[in-house]
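Here is a short briefing for a reader new to this structure. It covers the ligand site and then the cysteines.

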Amino acid sequence: MTAGRDSVRAWAAEARHIAVLTGAGVSAESGVPTFRDALTGLWAQFDPQELATESAYRAHPERVWDWYAHRRTMLAKALPNAGHLALARFGQTHPDRLTLVTQNVDGLHQGAGQPETIALHGSLMEDRWLDAPRACCNSQPPQEGRPPVCATCGNLRRPGVVWFGENLPPAALAAAEAGVARCDVMLVVGTSGQVYPAAGLAFAAHQQGARVVVINPETTELDRIADVCLREPSAICLPFLLE
Ligand code: BV8
């Protein structure tokens with residue numbers, strides 16, 4: 001596997017443009033449970049794909065709101081790790097050679113100083129109204145309550161993330177696709193590759209002839225289109241590849 005690491009390091013050094021797709025695994029070494037590990041305790045019995053949906057929220061607002069509040073609490077103690085920092089430094093020194101796309105909602109790439117992060121699935125730290133806000137909702141959104149609600153019309157606040165069954169922000173997806181279309185190397189880091197359209201970006205890179213590198217201690221759905229799979233934690237691997 002050493003040959004793999006050294007080859008990928010050379011590819012990254014020579015690349016005109018590197019596209020990076022990160023998933024929850026890139027934050028694992030910051031102590032943030034991966035998406036599929038985030039269902040512990042009260043929520044262990046639920047499937048994330050069921051819980052992270054508008055219908056689950058409308059049916060059980062407190063349960064879903066509390067799951068996000070729980071994840072926010074865990075995130076409050078998390079700091080960017082060496083993998084986030086290596087990507088941020090590369091983005092700062094080579095702004096025109098990197099497109100960073102993340103599925104993560106934890107804000108750790110941004111917190112690491114990444115100049116530009118394309119956040120496909122929104123942000124855990126932001127809320128918005130569940131239904132289109134009316135005049136009564138436009139006052140200062142309520143902060144307390146689980147979930148906070150407009151006292152006049154009962155509109156709920158909801159986490160500022162993209163739930164399953166919801167479209168991704170069109171501008172973010174278009175920017176991600178443009179970065180992938182021009183890349184000659186794509187690093188797929190810390191994702192099981194199960195969620196679309198994000199995972200489809202790796203196929204698009206492969207189809208347009210880019211070298212695809214999977215960085216993940218475990219096997220993933222995207223291994224079959226990878227030129228190289230580096231079975232390493234991203235906080236170890238990314239600094240080696242990019243610095
Ligand atoms: C869409 C925000 C169009 C929420 C997330 C039926 C109906 C509707 C849609 C679908 C359908 N069937 C399929 C779909 C599409 C669906 C989808 O992909 N489903 C899959 C699961 C079957 N996608 C959607 O719905 C998307 N929208 O398609 O719109 C549409 C509209 C209407 C109707 C039809 C289509 C929206 C998807 C966005 C969902 N929101 N997040 C929240 O966070 O609560 S996705 C969620 O999963 C997280 O963002 C997470 O990042 C993402 C992907 O998971 P991973 O990041 O890969 O995390 P995971 O835990 O799986 O893996 C972690 C990996 O890290 C592991 O491999 C592990 O080995 C590795 N790892 C661990 N430690 C390390 C490490 N790697 C490196 N270093 C380490 N140290």
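A polar contact is a pair of N or O atoms within 3.5 Å. With that cut-off, an oxygen atom of the ligand and a polar backbone atom of Gln 103 qualify, at 2.7 Å. The protein covers 75% of the 1,500 Å² of accessible area that the ligand has on its own. Keep in mind that this is a predicted model.

**Where the ligand sits**
- The ligand takes up the space of the largest pocket.
- There are 36 residues around the ligand.
- Arg 36, Tyr 68, Gln 103, Thr 191 and Ser 192 come nearest.
- The shell around the ligand has 16 nonpolar residues, 15 polar ones and five charged ones.

**Polar contacts to the ligand**
- Arg 71 uses its side chain: one of its polar atoms there lies 2.8 Å from an oxygen atom of the ligand.
- Gly 25 uses its backbone: a polar atom there is 3.4 Å from an oxygen atom of the ligand.
- Gln 103 also offers a polar backbone atom, 2.7 Å from a ligand oxygen.

**Cysteines**
- How many disulfides does the structure hold? It holds zero.
- A disulfide is a covalent bond between the sulfur atoms of two cysteines.
- Cys 136 is in no disulfide. Its nearest cysteine sulfur belongs to Cys 153 and is 3.8 Å away. The cut-off for a disulfide is 2.5 Å, so that pair does not count.
- Is Cys 136 buried or partly exposed? Cys 136 counts as partly exposed because its relative accessibility is 25%.
- Why does Cys 229 form no bond with Cys 237? The sulfur of Cys 237 is the closest cysteine sulfur to that of Cys 229, but at 11 Å it is too far for a bond.
- Cys 229 is buried, because its relative accessible area is 18%, and buried means under 20%.

How values were computed:
Residues numbered from 1 in each chain as written. Predicted model: local features only at pLDDT ≥ 70, side-chain atom pairs only at ≥ 80, totals over all residues. Heavy atoms only, no water. Buried < 20%, exposed > 50% of the residue type's maximum accessible area, 1.4 Å probe, protein only. Near = heavy atom within 4 Å. Polar contact = N/O pair within 3.5 Å; in protein donor to acceptor, adjacent residues only side chain to side chain. Areas by Shrake-Rupley, 256 points an atom, 1.4 Å probe, with all protein chains shown as cover. 1 Å grid on protein atoms, 1.4 Å probe; cavity = no way out; pocket = protein on both sides within 12 Å on 5 of 7 lines; lining within 4 Å. Sits in = over half its atoms within 2 Å of the grid points. Nonpolar A, V, L, I, M, F, W, Y, C, P; charged D, E, K, R; others polar.
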